[in-house]
Amino acid sequence: MRNFNINLYDEYDFFKGKSGAVLNAYLNENFACIDRERKHPAIVICPGGAYIDHADRENEPVALYFLSKGFQVFVLKYSVHPVHYPMQLLEIAASVGYIRSKAEDFLIDKDKIFTIGFSAGGHLAAMAGILWKEAVIGEKLGLNNRQVKPSGVILCYPVVSGKIYSEKINAF
């Protein structure tokens, strides 16, 4: 297993001075004697924490579970209060886009990149799954819809309601 951090502000100029978002990567390694060319599915974990903090119980324990099931895992430490929407949407979109661009290096099947979120992180994972077409993503990050669209989302006790989504979408 390899474990390292990826600072999104090092990968996307837009985040410099605005976001301290970090992806903590947990990667399986292929062994020469066992399926050397294997491509793994990937998952981006968004821990909960009410957009104020990140819940430890929804961080590394979840990452290690998915790692043990053969996933390449990335825990997103997204921006929290006082930073607000659309920054978190841009961070999750950048994460999926970055992972897809590094699929070969990280031994990932680029057509199997998922997001999972808990509580507020569930809200963020849901946004990744429904707002991937938003123009702000291309405008701020230079990424197209296909690059940032997750293959699927898993929502664990997400904070979602029509009111929250309508307010966030209308924030543009």
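These legends go with close-up views of a predicted model.

**View 1. The largest nonpolar core.** Here we're looking at a core of 42 residues, where Phe15, Leu23, Phe74, Leu76, Ile137 and Leu141 touch the most other members. Strands β2, β3, β4 (72-77) and β5 each put in two or more residues, and so do helices α3, α4 (120-130) and α5 (135-141). The top contributor is α3, with nine residues. A separate core of 13 residues sits apart from this one, and its members include Val62, Phe71, Ile116 and Phe118.

**View 2. Leucine 23 and its contacts.** Leu23 is one of the core residues that touch the most other members. Setting aside neighbours within four places in sequence, leucine 23 is in contact with Phe4, Asn5, Ile6 and Leu8 at the low-numbered end of its list. The rest of that list is Val44, then Phe74, Val75 and Leu76, and finally Ser95, Tyr98 and Ile99.

**View 3. Alanine 25 in strand β2.** This one zooms in on alanine 25, which is part of β2. With a relative accessible area of 0%, alanine 25 is buried. Beyond its neighbours within four places in sequence, alanine 25 is in contact with Arg2, Asn3, Phe4, Ile6, Val73 and Phe74. Don't expect aspartate 13 in the same frame: the two are twelve residues apart in sequence, but their C-alpha atoms are 21 Å apart. Aspartate 13 is exposed, at 64% relative accessibility.

**View 4. Helix α2 and its buried face.** Val62, Ala63, Phe66 and Leu67 are the buried residues of this helix, which spans residues 60-68. Down the axis of α2 they fall within an arc of 135°, so they line one face of the helix. That pattern is no surprise, because an α-helix has 3.6 residues a turn and residues three or four places apart point the same way. The buried residues of α2 pack against β2, β3, β4, β5 and β6 (152-156). Just after the helix, glycine 70 has a positive phi of about 95°.

**View 5. Helix α4, wrapped up by the rest.** Nine of the eleven residues of α4 are buried, so this helix is largely enclosed by the rest of the structure. The buried set starts with Ala120, Gly121, Gly122 and His123, and carries on through Leu124, Ala125, Ala126, Met127 and Ala128.

**View 6. A salt bridge between two loops.** Glutamate 104 and lysine 39 meet through their side chains in a salt bridge, at 3.1 Å from N to O. Glutamate 104 belongs to the loop between α3 (87-101) and β5 (108-118), and lysine 39 to the loop between β2 (22-27) and β3 (40-46), so the pair ties together parts 65 residues apart in sequence. Glutamate 104 is exposed, with a relative accessible area of 59%, while lysine 39 is partly exposed at 34%.

**View 7. Two more salt bridges.** The whole structure has four salt bridges, and this view picks up a couple of them. Lysine 16 pairs with aspartate 13, with 3.5 Å between the closest N and O atoms. Lysine 16 counts as partly exposed, at 45% relative accessibility. Glutamate 58 pairs with arginine 57, and here the closest N and O atoms are 3.7 Å apart. These partners sit quite unlike each other: glutamate 58 is buried at 3% relative accessibility, whereas arginine 57 is exposed at 62%.

How values were computed:
Residues numbered from 1 in each chain as written. Predicted model: local features only at pLDDT ≥ 70, side-chain atom pairs only at ≥ 80, totals over all residues. Heavy atoms only, no water. Buried < 20%, exposed > 50% of the residue type's maximum accessible area, 1.4 Å probe, protein only. Helix = DSSP H or I, 4+ residues; strand = E, 2+ residues; numbered from the N terminus. Core = buried A, V, L, I, M, F, W, Y, C linked by side-chain atoms within 4.5 Å. Contact = heavy atoms within 4.5 Å. Arc of directions from axis to C-beta.
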